[in-house]
Amino acid sequence: MMGHSHAVSGAMLYAASAPFLPPLLLHTTLQPADILMGTVLCAGAALLPDLDHHDGSIANFLGPVSKALCRFVAWASGGHRHATHSLLFVALMGGGTWAGVTFLGRYFTLSVTFFLLALAIRALRLCPPSNGPEAWITVIGLAALGTFGMNTWMPNAPGWLPYAVGLGTLAHLLGDCLTKKGAPLLWPHKERYEIVLIKRSGNNVETKVLVPIMSVATFVLLWFTALSPTIVN
């Protein structure tokens with residue numbers, strides 16, 4: 001799947017699960033602001049497994065910094081669609097975020113927020129389409145503004161942030177399991193799991209059917225969980 005599709009799927013899964021799973025797993029009820037912020041950050045987290053793709057468009061979301069990061073992750077993980085496309089990686093991302101939020105505090109939380117916002121901005125095409133400075137400078141500027149805005153509403157230790165990171169990462173794996181080559185969910189076991197609904201990334205099934213459906217579903221879900229006047233008031 002393309003990065004844009006992964007981001008939309010992460011946003012949809014967070015918006016759909018926010019009223020149900022956090023009370024069950026986190027023993028807390030999310031407020032409308034938590035749902036809105038979490039939906040955007042989960043969209044960004046849905047790009048994390050593709051940090052192993054040093055030639056992908058997402059490799060350029062922070063310019064030379066992200067390019068170097070993706071090259072390192074690709075080397076360390078064994079290449080594209082290996083270690084970072086596993087349930088172990090989901091656990092590491094969710095657990096690592098929980099540890100950072102719990103023990104490192106506000107600066108860690110805001111750093112993760114900035115990073116995920118930058119991923120979401122790039123994947124959702126809210127910046128120039130090139131890989132040049134005009135694109136990643138725009139991403140950095142918008143992510144900084146978004147982080148500054150979220151700082152007003154975000155608690156010091158948001159329990160929903162690790163949930164958003166883990167869910168977004170899982171959404172990516174589920175999406176790749178719908179494509180050829182699938183994903184090695186049980187890595188280091190090498191078997192790949194797939195149910196091929198998308199035969200080629202960017203085809204009509206993905207871009208003209210799945211993405212529009214997921215986009216509309218996300219907005220409808222957000223209306224009923226966070227934006228409806230009866231909820232907000």
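A helix here is a DSSP run of H or I of at least four residues, numbered from the N terminus. The views below show a predicted model.

**View 1. Leucine 116 in helix 6 and its contact in space with alanine 45.** Leucine 116 belongs to helix 6. Its relative accessibility is 2%, and leucine 116 therefore counts as buried, the limit for that class being under 20%. Between the C-alpha atoms of leucine 116 and alanine 45 there are 5.9 Å in space, although 71 residues separate the two in sequence.

**View 2. The second largest pocket and its lining.** The volume of this pocket is about 300 Å³. It is lined by 16 residues, and those closest to its centre are Ala11, Thr39, Leu124, Thr218 and Phe219. Four helices each supply at least two residues of the lining: helix 1 (3–17), helix 3 (32–45), helix 6 (106–123) and helix 9 (204–227). By residue class, the lining holds 12 nonpolar and 4 polar residues, and no charged ones.

**View 3. Spans annotated as transmembrane region in the UniProt record.** The unreviewed UniProt entry places this annotation on residues 107–124, 136–154 and 209–232. In the model, residues 107–124 are 94% helix and 0% strand, and 25 Å separates the C-alpha atoms at the two ends of the span. For residues 136–154 the helix content is 95% and the strand content 0%, with the end C-alpha atoms 25 Å apart.

**View 4. Tyrosine 14 and tyrosine 163, an aromatic pair between helix 1 and helix 8.** A pair of aromatic rings is described by the distance of the centres and the angle of the planes. The model has 4 aromatic pairs. In the pair shown, the ring centres of tyrosine 14 and tyrosine 163 are 5.8 Å apart and the planes make an angle of 55°, so the pair is classed as tilted; the edge-to-face class would need an angle over 60 degrees. The pair links distant parts of the chain, since tyrosine 14 sits in helix 1 and tyrosine 163 in helix 8 (residues 160–176), with the two positions 149 residues apart. Tyrosine 14 and tyrosine 163 are both buried.

**View 5. Phenylalanine 72 and tryptophan 75, an aromatic pair within helix 4.** This pair is also tilted, with 5.9 Å from centre to centre and 40° between the planes. Phenylalanine 72 and tryptophan 75 are about one helical turn apart because 3 residues separate them in helix 4 (residues 64–77). Tryptophan 75 has a relative accessible area of 67% and is therefore exposed.

**View 6. Cysteine 70 and cysteine 177, with their closest cysteine sulfurs.** The count of disulfides in the model is 0. Cysteine 70 takes part in no disulfide, and the nearest cysteine sulfur belongs to cysteine 127, at 14 Å. With a relative accessible area of 0%, cysteine 70 is buried. For cysteine 177, the closest cysteine sulfur is that of cysteine 42, at 17 Å, so the two are too far apart for a bond; a disulfide requires sulfur atoms within 2.5 Å. Cysteine 177 has 11% relative accessibility and so counts as buried.

**View 7. The loop between helix 8 and helix 9, with lysine 181 and proline 188.** Lysine 181 lies in this loop. Its phi is positive, about 80°, although lysine 181 is not a glycine. The relative accessibility of lysine 181 is 61%, so the residue counts as exposed. Proline 188 is in the loop between helix 8 and helix 9 too. The peptide bond joining tryptophan 187 and proline 188 is cis, with omega at about 15°.

**View 8. Histidine 27 in the loop between helix 2 and helix 3.** Helix 2, which spans 21–25, and helix 3 flank the loop that holds histidine 27. Histidine 27 is a residue other than glycine with a positive phi, near 55°. At 70% relative accessibility, histidine 27 is classed as exposed, the limit for that class being over 50%.

**View 9. Glycine 56 in the loop between helix 3 and helix 4.** Glycine 56 is a loop residue, placed between helix 3 and helix 4. Its relative accessibility of 11% means that glycine 56 counts as buried. From the C-alpha atom of glycine 56 to that of leucine 174 the separation is 19 Å, for residues 118 apart along the chain.

Notes. Residues numbered from 1 in each chain as written. Predicted model: local features only at pLDDT ≥ 70, side-chain atom pairs only at ≥ 80, totals over all residues. Heavy atoms only, no water. 1 Å grid on protein atoms, 1.4 Å probe; cavity = no way out; pocket = protein on both sides within 12 Å on 5 of 7 lines; lining within 4 Å. Points joined across faces, edges and corners; volume = space filled by probe spheres on them. Nonpolar A, V, L, I, M, F, W, Y, C, P; charged D, E, K, R; others polar. UniProt positions renumbered as here; feature names shortened; annotations may be inferred. Phe/Tyr/Trp six-rings, centres within 6.5 Å; stacked < 30°, edge-to-face > 60°. Buried < 20%, exposed > 50% of the residue type's maximum accessible area, 1.4 Å probe, protein only.
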